[in-house]
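Student: I'm new to this one and would like a tour. Could you show me the sequence and the structure, so that I can ask as we go?

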Amino acid sequence: MKQRELGRTGITVSEICLGTMTFGQQNTETEGHAQLDMALDHGINFIDTAELYSIPPRAETQGSTETIIGSWLKARGGRDRLVIASKVVGRTAMPWFRPEGEEARLTPRQIRYALEGSLRRLGTDYIDLYQLHWPDRKIGLFGEGGTTFRDLPEDSAVPFEDTLGVLGDLVAEGKIRHVGLSNETAWGVSKFLEASRTGLPRVASIQNAYNLINRTFEIGLAEMALHEKVGLLAYSPLAQGYLTGKYLNGARPAGARTTLFNRGQRYEKPGVDDAILAYHALAREEGIDPTQLAIAFVTSRPFVTSNIIGATSVDQLRTILGATDVVITPELEEKINAIHQVHSNPAP
C-alpha cells in the first residue's frame, strides 16, 4: 500500500482510506471490526468517519459509526499507528445533532460541542484530521442542482475566520491535529486559504465526490488541489455502488444500500446507465474487473491524496483492495477519456 502526504502536514496516509459510514446500520459492530482488521492487514492506516454516521442519517443511529471504531480501537490498540479523520456537520435542520433541537451551524460553540462528542465516542483524546462535512453557507449539496448555478441565495453564513479560529484553538489544545474541508467549492477553498494567511490553520484536504461518472472536481478544483497542496480525499469512487453494475436496468439486489434506503437519486439520472455500460465494456476488453477499474482510476489521479472506499462485506472489501494491482496506463487512460467525452459527468 503506497503512502502519500496529507497536504503540507508532514503526515503520510495510505492511498486507500477506509470509509465507515455503513457501520451501525448496514454493518454490525462485529462486521465493522472485521473490515477494520482487513484494512489494517492490507496496509491502510487512514480511517474516515463523521458525527453524522451511520448513513442514512437518523437520530437513533447518529454517532454509531464512531462508537464502533472506538470499540475497535479499545480492543486492538495501536492508536498512534492510525490517521483518523472525522467531520462536523455543516448547516442542517436535522434537529438531533445539537441540544434542544438547535439548528446545527459551524459556529465556535457548536464545533466544540461536536468535537467533544466525537472524541468521546472514538475513545481518543485527539483527531488527526477534523473536517467540515459541508459548508455553513447555502449551496447545492450531494448532486442537488447538477452542474447549474444561477445566483447567490440570501444567506447569513458563519464567517470563515470564525470557523477557522475555533479550529485553531482546538489545534493549540491538542484535540485536533489538522483541518480539512468536504463538499466544498473552489471559491470556498480559496476563502479558507485566504483566511489562513492571518495565522489560522491551513486546510490540508478536501473530501468531495469523484468517480468515473462524476469528474466535476477536475473543473477548477483539481488545479487548486495541486497548486495549493489541498489534496482530494475522493468519496464515492464507485458512485454508491452504481459503477459495479448491480443496479443496471433498475435492478435492486437484496441488502444493497439503494434497495434498503432508496437514496441513490444522484446516480439515477439520464445517461448514467449508458456511461456505466460503456465503462463495463472497456473493463471486459481490458480483462479488468469493472469495480477495480473504477477504483484504480480514482487512485491514479495526481490530485488525489487518498481514495475513500466503502463496503458492506469483507468479500466486497477484498475485491476493492485488489484494485491496488491495477495500473492505469496512458493507453487505458486515453480509452477512459474517450468514454468520458461522450458520457461526461451524468451524475454530478
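**Helices, barrel and loops**

Student: Which distance separates the end C-alpha atoms of helix 2, and what span should its 13 residues have?
Tutor: Keep in mind that this is a predicted model. Helix 2 covers residues 64-76, and at 1.5 Å a residue its 13 residues should span 18 Å. The end C-alpha atoms agree with that, so both answers are 18 Å.

Student: What about helix 3: what is its reach from first C-alpha to last?
Tutor: Helix 3 has 15 residues, and 1.5 Å a residue gives an expected 21 Å. The reach in the model is close to that expected value, at 21 Å.

Student: Which residues of helix 2 are buried, and what covers them?
Tutor: The buried ones are S64, T65, E66, I68, I69, G70, W72 and L73. Their cover includes helix 1 (29-41), strand 4 (46-48), strand 5 (83-88) and helix 3 (108-122).

Student: Is helix 2 parallel, perpendicular or oblique to helix 3?
Tutor: The two axes come within 7 Å and cross at roughly 40°. That crossing makes helix 2, relative to helix 3, oblique.

Student: Which residues make that contact, and how do they divide by type?
Tutor: Helix 2 brings E66, T67, I69, G70 and L73, while helix 3 brings S118, R121 and L122. Sorted by type, the residues of the contact of helix 2 with helix 3 are three nonpolar, three polar and two charged.

Student: Which residues of helix 3 are buried, and what covers them?
Tutor: On the buried list are Q110, I111, A114, L115, G117, S118, L119, R121 and L122. Some of those names should ring a bell, as S118, R121 and L122 are in the contact with helix 2. The cover over the buried residues includes helix 2, strand 5, strand 6, helix 4 (160-172) and strand 7.

Student: Which residue takes a positive phi just after helix 2, and which just after helix 3?
Tutor: Just past helix 2, you meet G77 with a phi of about 75°. Just past helix 3, with a positive phi of about 70°, comes G123.

Student: Now the strands: in what order do they close into a barrel?
Tutor: Eight strands take part, and their pairing is parallel. From one strand to the next, the twist averages 30°. Going round the barrel, the order is 3-4-5-6-7-8-9-10.

Student: How many bridges pair strand 5 with strand 6, and which residue is the bridge partner of V88?
Tutor: Strand 5 and strand 6 pair in the parallel sense, over four bridges. In strand 6, V88 finds its bridge partner in L132.

Student: How many residues of strand 6 are buried?
Tutor: Helix 3 lies across strand 5, strand 6 (127-132) and strand 7 (176-182), at about 135° to strand 6. Strand 6 is mostly covered, and its buried residues number six of six.

Student: How many bridges join strand 8 to strand 9, and which residue is the bridge partner of I206?
Tutor: Strand 8 (residues 203-207) and strand 9 (residues 231-234) run parallel, with two bridges joining them. For I206, the partner in strand 9 is L232.

Student: Which strands does helix 5 touch, and at what angle to strand 8?
Tutor: Helix 5 (residues 186-196) packs on the sheet, where it touches strand 6, strand 7 and strand 8. Its direction makes an angle with that of strand 8 of about 165°.

Student: Where are the cis peptide bonds of S54 and P56?
Tutor: Most peptide bonds are trans. The bond from Y53 to S54 is cis, with omega near 20°, and so is the bond joining I55 and P56, with omega about 0°. S54 and P56 are both found in the loop between strand 4 and helix 2.

Student: Is N183 buried or exposed?
Tutor: N183 sits in the loop between strand 7 and helix 5 and has a positive phi near 50°, though it is not glycine. Its relative accessibility is 10%, and the cut-off is under 20%, so N183 counts as buried.

Student: And is N249 buried or exposed?
Tutor: N249, not a glycine either, has a positive phi of about 60°. Its place is in the loop between strand 9 and helix 7 (257-261). With 74% relative accessibility against a cut-off of over 50%, N249 counts as exposed.

Key. Residues are numbered from 1 along each chain as its sequence is written. This is a predicted model: local features need pLDDT of at least 70, side-chain atom pairs count only at pLDDT 80 or more; totals for chains, interfaces and linings use all residues. Side-chain values use heavy atoms; hydrogens and water are left out. The expected span of a helix is 1.5 Å times one less than its number of residues. Buried means under 20% relative accessible area, exposed over 50%, partly exposed in between (1.4 Å probe, protein chains only). Contact means heavy atoms within 4.5 Å. Axes are lines fitted to C-alpha atoms, for helices over the stretch in contact, and angles run from 0 to 180 degrees between N-to-C directions. Angles under 35 degrees count as roughly parallel, over 145 as roughly antiparallel, 65 to 115 as roughly perpendicular and the rest as oblique. Ala, Val, Leu, Ile, Met, Phe, Trp, Tyr, Cys and Pro count as nonpolar, Asp, Glu, Lys and Arg as charged, and the others, Gly among them, as polar. Two strands pair if DSSP finds at least two bridges between them.
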